[in-house]
Amino acid sequence: MKTMFDLTGKVAIVTGGNGGIGLGVARGLASAGAAVVVAGRNATKSAAAVRNLAALGATAGQIEVDVRDETSVRSMVASAVARHGRLDILVNNAGINVRKPPHEIALSEWTQVIETNLTSAYLCSHAAYPHMKAAGGGKIVNIGSMMSIFGTSYTPAYAASKGGIVQFTKACATAWARDNIQVNAVLPGWIDTDLTTRARQEVAGLHDRVLARTPAGRWGTPDDHAGIAVFLCSRASDFVTGTAIPVDGGYSVQG
(Lines give C-alpha, C1' and ligand atoms only; values in the text may rest on other atoms or scores of the structure.)
Protein backbone atom coordinates (compact mmCIF):
# COMPACT_ATOMS: atom_id res chain seq x y z
CA MET A 1 0.00 0.00 0.00
CA LYS A 2 2.85 2.39 0.75
CA THR A 3 4.03 2.22 -2.85
CA MET A 4 0.66 3.53 -4.05
CA PHE A 5 1.36 6.84 -2.31
CA ASP A 6 5.10 6.96 -3.00
CA LEU A 7 6.16 10.02 -5.01
CA THR A 8 9.87 9.23 -5.11
CA GLY A 9 11.31 10.35 -8.44
CA LYS A 10 8.37 12.63 -9.21
CA VAL A 11 8.79 16.36 -9.83
CA ALA A 12 6.15 18.85 -8.70
CA ILE A 13 5.56 22.55 -9.24
CA VAL A 14 3.44 24.27 -6.59
CA THR A 15 2.45 27.83 -7.44
CA GLY A 16 2.11 29.97 -4.35
CA GLY A 17 3.94 27.17 -2.57
CA ASN A 18 5.82 29.55 -0.30
CA GLY A 19 3.08 29.92 2.31
CA GLY A 20 -0.37 28.98 3.54
CA ILE A 21 -2.15 26.09 1.84
CA GLY A 22 0.49 25.93 -0.88
CA LEU A 23 3.24 25.25 1.62
CA GLY A 24 1.08 22.65 3.36
CA VAL A 25 0.61 20.90 0.02
CA ALA A 26 4.33 21.18 -0.77
CA ARG A 27 5.23 19.63 2.58
CA GLY A 28 2.93 16.70 1.87
CA LEU A 29 4.44 16.09 -1.57
CA ALA A 30 7.97 16.44 -0.22
CA SER A 31 7.28 14.01 2.63
CA ALA A 32 6.07 11.46 0.07
CA GLY A 33 9.36 11.76 -1.83
CA ALA A 34 8.68 14.28 -4.58
CA ALA A 35 11.14 16.94 -5.66
CA VAL A 36 9.27 20.23 -5.21
CA VAL A 37 9.67 23.48 -7.11
CA VAL A 38 8.23 26.37 -5.12
CA ALA A 39 6.94 28.99 -7.56
CA GLY A 40 6.05 32.45 -6.35
CA ARG A 41 6.68 36.18 -6.60
CA ASN A 42 8.26 36.70 -3.17
CA ALA A 43 11.79 35.31 -3.40
CA THR A 44 12.42 35.69 0.34
CA LYS A 45 9.32 33.70 1.28
CA SER A 46 10.15 31.08 -1.34
CA ALA A 47 13.67 30.67 0.03
CA ALA A 48 12.24 30.10 3.52
CA ALA A 49 9.82 27.52 2.12
CA VAL A 50 12.64 25.71 0.34
CA ARG A 51 14.57 25.51 3.61
CA ASN A 52 11.46 24.13 5.29
CA LEU A 53 11.12 21.43 2.64
CA ALA A 54 14.83 20.62 2.68
CA ALA A 55 14.56 20.01 6.42
CA LEU A 56 12.16 17.18 5.55
CA GLY A 57 14.91 15.62 3.44
CA ALA A 58 13.35 16.70 0.16
CA THR A 59 14.92 18.01 -3.00
CA ALA A 60 13.50 21.50 -3.29
CA GLY A 61 14.11 24.69 -5.22
CA GLN A 62 12.45 27.95 -6.08
CA ILE A 63 11.48 29.79 -9.24
CA GLU A 64 10.23 33.35 -9.37
CA VAL A 65 7.10 33.66 -11.50
CA ASP A 66 4.22 35.95 -12.33
CA VAL A 67 1.42 33.45 -12.86
CA ARG A 68 -0.61 36.05 -14.78
CA ASP A 69 2.05 36.36 -17.49
CA GLU A 70 2.28 33.69 -20.19
CA THR A 71 5.98 34.22 -20.86
CA SER A 72 6.83 34.00 -17.17
CA VAL A 73 4.77 30.82 -16.75
CA ARG A 74 6.33 29.11 -19.74
CA SER A 75 9.77 30.03 -18.43
CA MET A 76 8.86 28.55 -15.04
CA VAL A 77 7.85 25.22 -16.55
CA ALA A 78 10.84 25.11 -18.90
CA SER A 79 13.21 25.89 -16.02
CA ALA A 80 11.72 23.16 -13.83
CA VAL A 81 12.00 20.60 -16.62
CA ALA A 82 15.55 21.68 -17.44
CA ARG A 83 16.52 21.41 -13.78
CA HIS A 84 14.89 18.05 -13.05
CA GLY A 85 14.44 16.44 -16.45
CA ARG A 86 10.68 15.98 -16.10
CA LEU A 87 7.41 17.36 -14.73
CA ASP A 88 4.89 15.00 -13.16
CA ILE A 89 2.77 17.17 -10.87
CA LEU A 90 1.34 20.69 -11.07
CA VAL A 91 -0.53 22.30 -8.20
CA ASN A 92 -2.29 25.52 -9.20
CA ASN A 93 -2.56 27.21 -5.83
CA ALA A 94 -1.62 30.87 -6.34
CA GLY A 95 -4.47 33.17 -5.40
CA ILE A 96 -5.58 36.53 -4.03
CA ASN A 97 -8.82 38.10 -2.83
CA VAL A 98 -10.42 41.54 -2.80
CA ARG A 99 -13.28 41.78 -0.33
CA LYS A 100 -15.84 44.24 -1.65
CA PRO A 101 -19.48 43.89 -2.70
CA PRO A 102 -20.14 43.70 -6.45
CA HIS A 103 -21.20 47.33 -6.72
CA GLU A 104 -17.93 48.54 -5.15
CA ILE A 105 -15.27 46.38 -6.78
CA ALA A 106 -13.38 48.14 -9.56
CA LEU A 107 -12.72 46.56 -12.95
CA SER A 108 -8.97 46.58 -12.23
CA GLU A 109 -9.56 44.67 -8.99
CA TRP A 110 -11.89 42.19 -10.69
CA THR A 111 -9.35 41.58 -13.45
CA GLN A 112 -6.47 41.16 -11.00
CA VAL A 113 -8.34 38.48 -9.03
CA ILE A 114 -9.59 36.59 -12.09
CA GLU A 115 -6.17 36.61 -13.75
CA THR A 116 -4.33 35.52 -10.59
CA ASN A 117 -6.76 32.82 -9.50
CA LEU A 118 -8.25 31.44 -12.71
CA THR A 119 -6.31 32.52 -15.79
CA SER A 120 -3.11 31.41 -14.05
CA ALA A 121 -4.46 27.86 -13.75
CA TYR A 122 -5.08 27.84 -17.49
CA LEU A 123 -1.62 29.26 -18.29
CA CYS A 124 0.22 26.84 -16.01
CA SER A 125 -1.78 23.80 -17.11
CA HIS A 126 -1.40 24.74 -20.77
CA ALA A 127 2.37 25.02 -20.35
CA ALA A 128 2.65 21.78 -18.36
CA TYR A 129 0.47 19.65 -20.64
CA PRO A 130 2.96 18.80 -23.41
CA HIS A 131 5.59 17.71 -20.90
CA MET A 132 3.13 15.46 -19.06
CA LYS A 133 1.79 14.03 -22.29
CA ALA A 134 5.30 13.26 -23.53
CA ALA A 135 6.09 11.52 -20.22
CA GLY A 136 3.00 9.32 -20.47
CA GLY A 137 0.91 11.00 -17.79
CA GLY A 138 0.72 13.46 -14.94
CA LYS A 139 -1.33 14.96 -12.14
CA ILE A 140 -2.81 18.45 -11.91
CA VAL A 141 -4.46 19.72 -8.74
CA ASN A 142 -6.34 23.02 -8.82
CA ILE A 143 -7.07 24.75 -5.53
CA GLY A 144 -10.64 26.02 -5.34
CA SER A 145 -12.51 27.21 -2.27
CA MET A 146 -15.74 27.05 -0.32
CA MET A 147 -16.62 29.95 -2.61
CA SER A 148 -16.65 27.41 -5.44
CA ILE A 149 -19.86 26.22 -3.77
CA PHE A 150 -21.30 29.10 -1.75
CA GLY A 151 -22.06 32.72 -2.53
CA THR A 152 -21.16 35.66 -0.34
CA SER A 153 -21.82 39.35 -0.71
CA TYR A 154 -18.19 40.41 -0.33
CA THR A 155 -16.19 38.14 -2.68
CA PRO A 156 -17.68 38.48 -6.19
CA ALA A 157 -14.42 38.19 -8.15
CA TYR A 158 -12.94 35.53 -5.85
CA ALA A 159 -16.11 33.43 -5.97
CA ALA A 160 -16.29 33.74 -9.76
CA SER A 161 -12.67 32.66 -10.09
CA LYS A 162 -13.06 29.69 -7.74
CA GLY A 163 -16.30 28.57 -9.36
CA GLY A 164 -14.46 28.76 -12.66
CA ILE A 165 -11.67 26.59 -11.24
CA VAL A 166 -14.11 23.71 -10.78
CA GLN A 167 -15.43 23.95 -14.35
CA PHE A 168 -11.92 24.34 -15.76
CA THR A 169 -10.90 21.24 -13.81
CA LYS A 170 -13.73 19.24 -15.39
CA ALA A 171 -12.84 20.45 -18.88
CA CYS A 172 -9.17 19.48 -18.53
CA ALA A 173 -10.05 16.16 -16.91
CA THR A 174 -12.21 15.10 -19.82
CA ALA A 175 -9.85 16.45 -22.48
CA TRP A 176 -6.68 14.91 -21.07
CA ALA A 177 -7.87 11.59 -19.65
CA ARG A 178 -6.72 9.86 -22.84
CA ASP A 179 -3.22 11.20 -22.12
CA ASN A 180 -3.28 9.63 -18.63
CA ILE A 181 -3.37 13.07 -16.99
CA GLN A 182 -5.69 13.26 -14.01
CA VAL A 183 -7.00 16.72 -13.11
CA ASN A 184 -8.81 17.34 -9.84
CA ALA A 185 -9.75 20.24 -7.60
CA VAL A 186 -9.45 20.63 -3.83
CA LEU A 187 -11.88 22.98 -2.11
CA PRO A 188 -10.36 24.21 1.16
CA GLY A 189 -12.72 25.30 3.89
CA TRP A 190 -11.83 28.02 6.34
CA ILE A 191 -8.10 27.58 6.83
CA ASP A 192 -5.93 29.54 9.23
CA THR A 193 -3.62 31.44 6.85
CA ASP A 194 -2.46 35.01 6.30
CA LEU A 195 -5.33 35.43 3.80
CA THR A 196 -8.01 34.43 6.31
CA THR A 197 -6.37 36.42 9.10
CA ARG A 198 -7.13 39.50 7.03
CA ALA A 199 -10.64 38.19 6.38
CA ARG A 200 -11.30 37.95 10.11
CA GLN A 201 -10.13 41.52 10.50
CA GLU A 202 -12.37 42.73 7.68
CA VAL A 203 -15.53 40.65 8.25
CA ALA A 204 -17.12 41.10 11.67
CA GLY A 205 -18.03 37.88 13.47
CA LEU A 206 -16.45 35.63 10.84
CA HIS A 207 -14.36 33.60 13.28
CA ASP A 208 -17.30 32.60 15.47
CA ARG A 209 -19.60 31.89 12.52
CA VAL A 210 -17.04 29.53 10.99
CA LEU A 211 -16.59 27.62 14.24
CA ALA A 212 -20.34 27.37 14.74
CA ARG A 213 -20.87 25.85 11.28
CA THR A 214 -17.85 23.51 11.16
CA PRO A 215 -18.58 20.07 12.68
CA ALA A 216 -14.88 19.53 13.36
CA GLY A 217 -15.06 22.52 15.70
CA ARG A 218 -11.91 24.26 14.48
CA TRP A 219 -10.36 26.17 11.64
CA GLY A 220 -8.25 24.09 9.30
CA THR A 221 -4.48 24.30 8.96
CA PRO A 222 -2.32 24.28 5.82
CA ASP A 223 -1.05 20.81 6.72
CA ASP A 224 -4.61 19.48 6.58
CA HIS A 225 -4.09 19.56 2.80
CA ALA A 226 -0.95 17.42 2.75
CA GLY A 227 -2.76 14.09 2.66
CA ILE A 228 -5.27 14.94 -0.05
CA ALA A 229 -2.45 16.35 -2.16
CA VAL A 230 -0.43 13.15 -1.86
CA PHE A 231 -3.48 11.07 -2.76
CA LEU A 232 -4.36 13.14 -5.82
CA CYS A 233 -0.74 13.24 -7.01
CA SER A 234 0.02 9.55 -6.50
CA ARG A 235 -0.80 6.26 -8.21
CA ALA A 236 -3.58 5.79 -5.66
CA SER A 237 -5.78 8.23 -7.61
CA ASP A 238 -5.13 7.00 -11.15
CA PHE A 239 -8.87 6.43 -11.73
CA VAL A 240 -9.96 9.68 -10.05
CA THR A 241 -10.36 12.69 -12.31
CA GLY A 242 -12.63 15.71 -12.65
CA THR A 243 -13.55 15.77 -8.98
CA ALA A 244 -13.83 18.71 -6.56
CA ILE A 245 -13.08 17.50 -3.04
CA PRO A 246 -13.87 19.70 -0.02
CA VAL A 247 -11.29 19.74 2.77
CA ASP A 248 -13.32 21.69 5.27
CA GLY A 249 -14.01 19.77 8.49
CA GLY A 250 -17.58 19.21 7.33
CA TYR A 251 -18.42 22.87 6.69
CA SER A 252 -19.96 22.27 3.28
CA VAL A 253 -22.27 19.44 4.35
CA GLN A 254 -24.22 21.66 6.75
CA GLY A 255 -27.61 22.75 5.45
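Eight helices and seven strands make up the secondary structure of the chain in this predicted model. The radius of gyration is 17 Å, close to the 18 Å that the globule rule gives for 255 residues, so the chain is as compact as a globular protein of that length. Along the principal axes, the C-alpha atoms occupy a box of roughly 50 × 40 × 40 Å.

**Sheet**

- Seven strands form an open sheet with parallel pairing, and their order is β3-β2-β1-β4-β5-β6-β7.
- The edges of this sheet are β3, covering residues 60-64, and β7, covering residues 244-247, each of which pairs on one side only.
- From one strand to the next, the twist averages 20 degrees.
- Strand β7 runs parallel to β6 (residues 181-188), and four bridges join the two.
- Within the pairing of these strands, A185 has A244 of β7 as its bridge partner.

**Helices against the sheet**

- Helix α1, spanning residues 20-31, lies across four strands, namely β1 (11-15), β2 (35-40), β4 (89-92) and β6.
- The direction of α1 is at about 170 degrees to that of β1.
- Helix α2, spanning residues 43-54, lies across β2 and the edge strand β3.
- Relative to β3, helix α2 runs at about 165 degrees.

**Largest pocket**

- The largest pocket holds about 1000 Å³ of space.
- Its lining consists of 45 residues, and those that lie nearest the centre are N93, A94, G95, I96 and L195.
- Two or more lining residues come from each of α1, β2, α4 (107-135), α5 (156-176) and α6 (194-202).
- Of the elements, α6 contributes the most to this lining, with six residues.
- Helix α1 therefore appears in two settings, since α1 lies across strands of the sheet and also gives two or more residues to the lining of the largest pocket.
- Classed by residue type, the lining of the largest pocket comprises 16 nonpolar, 20 polar and nine charged residues.

**Second largest pocket**

- The volume of the second largest pocket is about 290 Å³.
- This pocket is lined by 20 residues, with K10, G137, G138, K139 and D238 lying nearest its centre.
- Its lining divides into five nonpolar, eight polar and seven charged residues.

Key:
Residues numbered from 1 in each chain as written. Predicted model: local features only at pLDDT ≥ 70, side-chain atom pairs only at ≥ 80, totals over all residues. Heavy atoms only, no water. Pairing = 2+ DSSP bridges. Axes fitted to C-alpha atoms, helices over the stretch in contact; angles between N-to-C directions. Contact = heavy atoms within 4.5 Å. 1 Å grid on protein atoms, 1.4 Å probe; cavity = no way out; pocket = protein on both sides within 12 Å on 5 of 7 lines; lining within 4 Å. Points joined across faces, edges and corners; volume = space filled by probe spheres on them. Nonpolar A, V, L, I, M, F, W, Y, C, P; charged D, E, K, R; others polar. Rg over C-alpha atoms; globule rule 2.2 N^0.38 Å.
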